[in-house]
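Visitor: Please take me on a close look at a single part of this model, and show me how that part fits into the whole.

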Amino acid sequence: MNLRKFFNRPSTKQMEIINAELASVGNIEEKEANDHNDRDRAVCRSLNDSCPRCRSMDIVDKIARVQGHGEVHGDFSLGFGSVRGYSNTDTNGVNNCNKCGHQWKKYERNYQSRDSILKDWARYVEYFFGGFNSLGEDTVKMLMGLGVKAESISKLMDKHYSSYFSRKATLKLLRTKFKSVYDVV
Ligand SMILES: [Zn+2]
């Protein structure tokens with residue numbers, strides 16, 4: 001019996017492999033986040049900087065009070081005592097075209113960070129092992145393609161997956177799909 005594997009106590013060499021894999025996964029995600037943010041920035045710029053009606057680039061930012069989803073629930077007396085219920089009225093940025101006067105909602109940036117993508121990955125791995133195979137399949141296949149070991153993914157889950165419910169993607173289950181670092185070194 002492989003006692004290191006059983007107790008999950010990596011040797012120095014095995015620890016180095018796990019750390020290297022986590023670093024490389026982190027780099028991939030860093031790049032993915034940067035690519036996403038670059039695309040997002042470009043899309044937002046093109047949607048905010050020219051008028052969809054007349055194509056003019058003479059645009060100014062305006063703040064407008066706009067009605068959100070329509071309804072105001074409960075009693076509302078802004079500024080006096082307690083406010084019951086909630087309001088969907090929201091303040092949003094608005095673009096205003098100086099040429100034709102058209103106004104449209106300002107597109108907000110949707111930033112992603114390396115960690116937010118890693119969190120997504122962890123969630124999809126959990127879906128897969130929690131029985132929602134089709135949801136997590138792409139992520140699991142991609143990680144298998146990268147040759148990431150079960151122990152590295154388990155560490156990634158420790159850091160990026162939290163839930164009130166117990167985790168389904170245990171190391172034991174991960175090893176049914178991913179190679180174990182203990183079997184390769
Ligand atoms: Zn215009």
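Guide: Let's begin with the whole chain: how much of its contacts with a separation of 6 or more do residues 24 or more positions apart account for? They make up 68% of them, where a contact means two C-beta atoms, placed from the backbone, within 7 Å. Please keep in mind that this is a predicted model, in which local features need pLDDT of at least 70 and side-chain atom pairs count only at pLDDT 80 or more, while totals for chains, interfaces and linings use all residues. Residues are numbered from 1 along each chain as its sequence is written.

The chain has seven helices and three strands, arranged in the order α-α-β-β-β-α-α-α-α-α. Both are DSSP runs numbered from the N terminus: helices are H or I with at least four residues, strands E with at least two.

Now to our part, leucine 156, which sits in helix α5, residues 150-160. Is leucine 156 buried or exposed? Leucine 156 counts as buried because 22 C-beta neighbours lie inside 10 Å; the cut-off for buried is 20 or more other C-beta atoms within 10 Å, placed from the backbone. Of the chain's 185 residues, 16% are buried. Within α5, the buried residues include Ile153, Leu156 and Met157, and the buried residues of this helix pack against α2 (12-49), α3 (114-129), α4 (133-146), α6 (171-174) and α7 (181-184).

Leaving aside residues up to four places away in sequence, leucine 156 touches Leu22, Val25, Leu118 and Ala122. Glycine 26 is 130 residues from leucine 156 in sequence, yet their C-alpha atoms are 9.8 Å apart in space.

Methods. Buried ≥ 20, exposed ≤ 12 C-beta atoms within 10 Å, placed from the backbone.
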